[in-house]
Amino acid sequence: MRSHEPAVSRSAGLQACPGPPTGSPKGLRYARLRSFIWLVRKEWRELVASRSWWILLVAMGPLVGVSFISAVRTYAEASGLNGTAVGQGVGEAFSPLVGVWAPTFSACELAAAFLLPFVGIRLVSGDRQSGALKIELQHPMPAFARISAKALVLLAGWGIATTAPALAILLWKSYGGHLYPPELATVVFGHMLNAGLTIALAAATASVTEHPSTAAILTLSVTVGTWIINFIAAVHGGVWERAAGYTPTAMVAEFQHGLIRLDVVLVALALVFAGLGLAAIWMRLGVPVRRRVNESIALGALTAAVMFACTFVTPSWDTSESRGNSFPEADEEALKEIRTPLRIEAHLAPEDPRRADLEHRALSKLRRVMPRVQVHYMSATSIGLFEQTAPHYGEIWYELGGRKTMSRITTAEGVLEAIYEIAGIEPPAKGKVLAGAAIRGRDFPRSSRTAAVSDFDGDGDLDIVVNNFNCEPYLLRNDAAKGNYVSFKLRGTKTSRDAFGARVKLTSGSHIWNRCVATSGGYLTQSSKTVHIGLGDAATIDSVEVYWPGQKEPQHVQGAGSNQVVEVVQQ
């Protein structure tokens, strides 16, 4: 008995817990509750005394701190810090969700993968190694309740470990940073769910194996296995790509972008309960091994069936403030009116960047609105390097109700345009209707694709022509109050005849204007090659210099006056 004294001392609280009153079901439930509360307290004391948990706490600070500082610096530089963006930053191009919180909370993902398993294995296997588990099994408590107490303590310990990202949130707020609670809550929920998966996995491996080191190796193997699935999915696609969507890495990535998919949440919860159930099965040391193996197989089959059923659940929620996981609301309403099944066939290899662009920028959003959409990828190889010259490679075919159309555009706008075309519906209008603005008696906002500018009526100001989808173009004539102007028609003799790339520098008093001859201005669009400079109230021109491509010295233009078109030939 002396060899078991440490185990008895660790579980001495069980002897102080009053036994269940006999002959009373209510008393038995009361005894189980008292035992459960005692076990939670005991596991908490052991967690606090665990060196692995303190290592987790100590490591979380630097991990989160470095990630947060780096993310904030990058976000600030992209927003124009210290003139890095010449005062016009691109901070609005990505929200704090993607620019700050995704990289900051990635430290939690790293800790959950490499540190939290050791804490869980230590807590679950400690009683088994010391022999205290045999004493615990003598008290009236279901096996699942026993492992649930350990899981709750581990989850509470993980919650304390996430104090570091909570402090990062407070710091961001003190800097004057913007917070959108729904998307931030989604990120926190995703990482708590990921921690639950890790705890369940650690509990299962610690209960099945005889030694903690074996459990650690098995846990790491499962983690690496999910990474392998992601790698295979990136190369081969197909069913592997669908399976990879339920790995912890993919799950956390979606939560960090503000997307909650109910099927992912249900699959994760099924795996958590399966892991805890497997741990509960193997914690019953008095049950024959053969029976525990059979129960484990039955649990695995049931979990697989539940997970398969969960994959058909379609609801999802985009909690990001920028709606980065969704089409515009008007487009979503229009797509919901399409009842006929849509089939998309994309001739793109798994490793072709255009395929990833198509999937993440368009098809992932489309599946949220049209769950019945069928997407098929066609390719002869995984890299697509030698398929570029194939007749149909790069084509994306859309089929709806017997109608087909083909496009090569992988953006969300291109996909929507193709769907609207074969569905025969008018794209929803974008923008706001201007009061009193009408063309031929109708409001002019449409699904516009591009615009070009030129002085179409020759009155000295620039007008706009707009190309619309499934509609005639609009000419928006500028009838605003006019100031002074000057225009230059350049013709090259030593460079291109159209003078593309040439720059005109005009000086009038203390004002300087620079204009370039550009080759394009939008999608399949080129504005006028005539260089137009609005002078406002300035009536005189002091100097005009033309910088031709390939020439170091400028060409001085003499005799240029306001309110005229000046032709300049390269000398």
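What follows is a short walk through this structure, from the whole chain down to single residues.

Keep in mind from the start that the model is predicted. The protein chain holds 571 residues, and buried residues make up 42% of them. Its secondary structure comes to 18 helices and 18 strands. If you look at contacts with a separation of 6 or more, 65% of those in the protein chain are between residues 24 or more positions apart. As for the surface, the protein chain exposes about 30,000 Å², with carbon and sulfur atoms supplying 61% of that area.

Let us begin the closer look with helix α13, which spans residues 248-256. Among the residues of this helix, Met251, Val252, Glu254, Phe255 and Gln256 are buried. What do the buried residues of α13 pack against? Their partners are three helices and a strand: α5 (96-114), α10 (181-208) and α14 (262-283), together with β1 (259-261). After α13 comes Gly258, a residue worth a glance on your Ramachandran plot, as its phi is positive, near 80°.

Further along the chain you can find an open sheet of four strands, arranged in the order β4-β3-β5-β6 with mixed pairing. Its edges are formed by β4 (374-377) and β6 (403-407), each of which pairs on one side only. On average, and ignoring direction, neighbouring strands of this sheet are turned by 15° against each other. Zooming in on one of the pairings, β3 (residues 342-346) and β4 run parallel and are joined by four bridges. One residue pair to pick out here is Arg343 with its bridge partner in β4, Gln374. A helix belongs in this picture too: α17 (residues 353-369) lies across β3, β4 and β5 (396-400). Relative to β4, helix α17 runs at about 165°.

The last stop is strand β12, residues 484-491. How many of the eight residues in β12 are buried? The count is six, so to speak of this strand as mostly covered is fair, buried being defined as under 20% relative accessible area. Strand β12 has pairing partners of both senses. With β15 (residues 531-536), β12 pairs in the antiparallel sense over five bridges, and Val486 has Ile533 in β15 as its bridge partner. With β18 (residues 565-569), β12 runs parallel, again joined by five bridges. On that side, Leu490 finds its bridge partner in Val568 of β18.

Technical notes
Residues numbered from 1 in each chain as written. Predicted model: local features only at pLDDT ≥ 70, side-chain atom pairs only at ≥ 80, totals over all residues. Heavy atoms only, no water. Pairing = 2+ DSSP bridges. Helix = DSSP H or I, 4+ residues; strand = E, 2+ residues; numbered from the N terminus. Axes fitted to C-alpha atoms, helices over the stretch in contact; angles between N-to-C directions. Contact = heavy atoms within 4.5 Å. Buried < 20%, exposed > 50% of the residue type's maximum accessible area, 1.4 Å probe, protein only. Areas by Shrake-Rupley, 256 points an atom, 1.4 Å probe, with all protein chains shown as cover.
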